[in-house]
Each structure stands twice: as C-alpha cells, then as structure tokens.
Amino acid sequence: MEEMLNDKLELDGRKRLNMTGVNSVDGYSSQMLNLTVCDCKVRIMGNNINITSFNKSSGNLSAEGDFYEIKYGGKKQPLIKKLLK
C-alpha cells in the first residue's frame, strides 16, 4: 500500500510559493530550490528566488521569485544504495 503524502503546494501568480511537508532544503540559489518533501526530491526552478521563511519543525516553507518549473522526483535513497548500484 502506498504511503499517504502530507504535503501541499500553493503558487500564487507564479510569484509566491508556499509549501508544507518540507523535510529539508538540500540546495538553494537565486535560480533553483532543491527540497526533500515527504521523502521525495523536489526541484523548483525560477529567477530571483528568495526563501522568505522556513520552519524545519513544522515543514513550512515560503519563497518569492519568478517560478517557471516544479519537478517531483523519486524517493530519497540512502547514499550506500547509490554507491552500490
């Protein structure tokens, strides 16, 4: 049985992003956000991206910028599994 995901993404006018269920911010620049959300990788692309707030304990993240792409990847794998492929 597939695990229920507990995340929510709101994008307001492609300028303001609010997301819940964020486990970690894995990478960040003015053009990209790499996140782990409910144990899945998420890459958000845009211009002038700025994280306005992130609360690790609640999993809430807010950001502003000009967003143009959001990609969900697979489950996060332990490093040892990646190395032994």
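What follows is a conversation about a predicted model and the terms used to describe it.

Colleague: What should I know about the numbering and the rules for this model?

Modeller: Residues are numbered from 1 along each chain as its sequence is written, and side-chain values use heavy atoms, with hydrogens and water left out. As this is a predicted model, local features need pLDDT of at least 70 and side-chain atom pairs count only at pLDDT 80 or more, while totals for chains, interfaces and linings use all residues.

Colleague: What is the average pLDDT of the protein, and which elements have the lowest and highest means?

Modeller: pLDDT is the predictor's confidence in each residue, from 0 to 100. The protein averages 88, and 81% of the residues score at least 70. Among the elements, helix α1 (residues 79-83) has the lowest mean, 62, and strand β2 (residues 16-20) the highest, 97.

Colleague: What makes a stretch a helix or a strand here, and how many of each are there?

Modeller: Both are DSSP runs numbered from the N terminus: a helix is H or I over at least four residues, a strand is E over at least two. The protein has one helix and six strands. From the N terminus the order is β-β-β-β-β-β-α.

Colleague: Why is Asn-34 called buried?

Modeller: Buried means under 20% relative accessible area, exposed means over 50%, and partly exposed lies in between (1.4 Å probe, protein chains only). Asn-34 has a relative accessible area of 18%, so the residue counts as buried. Across the protein, buried residues make up 29% of the 85 residues.

Colleague: Which residues show the other two classes?

Modeller: Arg-14, in the loop between β1 (8-12) and β2, has 57% relative accessibility and therefore counts as exposed. Thr-20, in strand β2, has 28% and so counts as partly exposed.

Colleague: Why is strand β4 described as largely enclosed?

Modeller: Six of the six residues of β4 (residues 32-37) are buried, so the strand is largely enclosed by the rest of the structure. Met-32, Asn-34 and Thr-36 point one way from β4, Leu-33, Leu-35 and Val-37 point the other way, and all are buried. In a regular strand the side chains alternate between the two faces of the sheet.

Colleague: How do you know that β4 is paired, and with which strands?

Modeller: Two strands pair if DSSP finds at least two bridges between them. Five bridges join β3 (residues 22-28) to β4, and these strands run antiparallel. β4 and β5 (residues 40-55) also pair in the antiparallel sense, over six bridges. Asn-34 stands opposite Gly-27 on the β3 side, and its bridge partner in β5 is Arg-43.

Colleague: What joins these strands along the chain?

Modeller: A hairpin through three residues joins β3 to β4. The hairpin of β4 and β5 has two residues between the strands, and there Cys-38 takes a positive phi near 50°.

Colleague: What makes a group of residues a nonpolar core, and which members touch the most others?

Modeller: A nonpolar core is a set of buried Ala, Val, Leu, Ile, Met, Phe, Trp, Tyr and Cys residues joined through side-chain atoms within 4.5 Å. The largest one has 13 residues, of which Leu-17, Met-19, Leu-35, Val-37, Ile-44 and Leu-61 touch the most other members. The elements that give two or more residues to this core are β2, β4, β5 and β6 (60-75).

Colleague: What counts as a contact, and what does Arg-14 touch?

Modeller: Contact means heavy atoms within 4.5 Å. Leaving aside neighbours within four places in sequence, Arg-14 is in contact with Gly-65, Asp-66 and Phe-67. The C-alpha atoms of Arg-14 and Asp-66 are separated by 6.0 Å, though the two residues are 52 apart along the chain. Under the same neighbour rule of four places, Leu-17 touches residues including Leu-9, Ile-44, Leu-61 and Ser-62.

Colleague: Why is the pair of Ser-62 and Asn-18 called a polar contact?

Modeller: A polar contact is a pair of N or O atoms within 3.5 Å; within protein, one must be able to donate a hydrogen and the other to accept it, and residues adjacent in sequence count only if both atoms are side-chain atoms. The side chains of Ser-62 and Asn-18 make such a contact at 2.8 Å, so the distance falls within the 3.5 Å limit. Ser-62 belongs to strand β6 and, at 18% relative accessible area, is buried.
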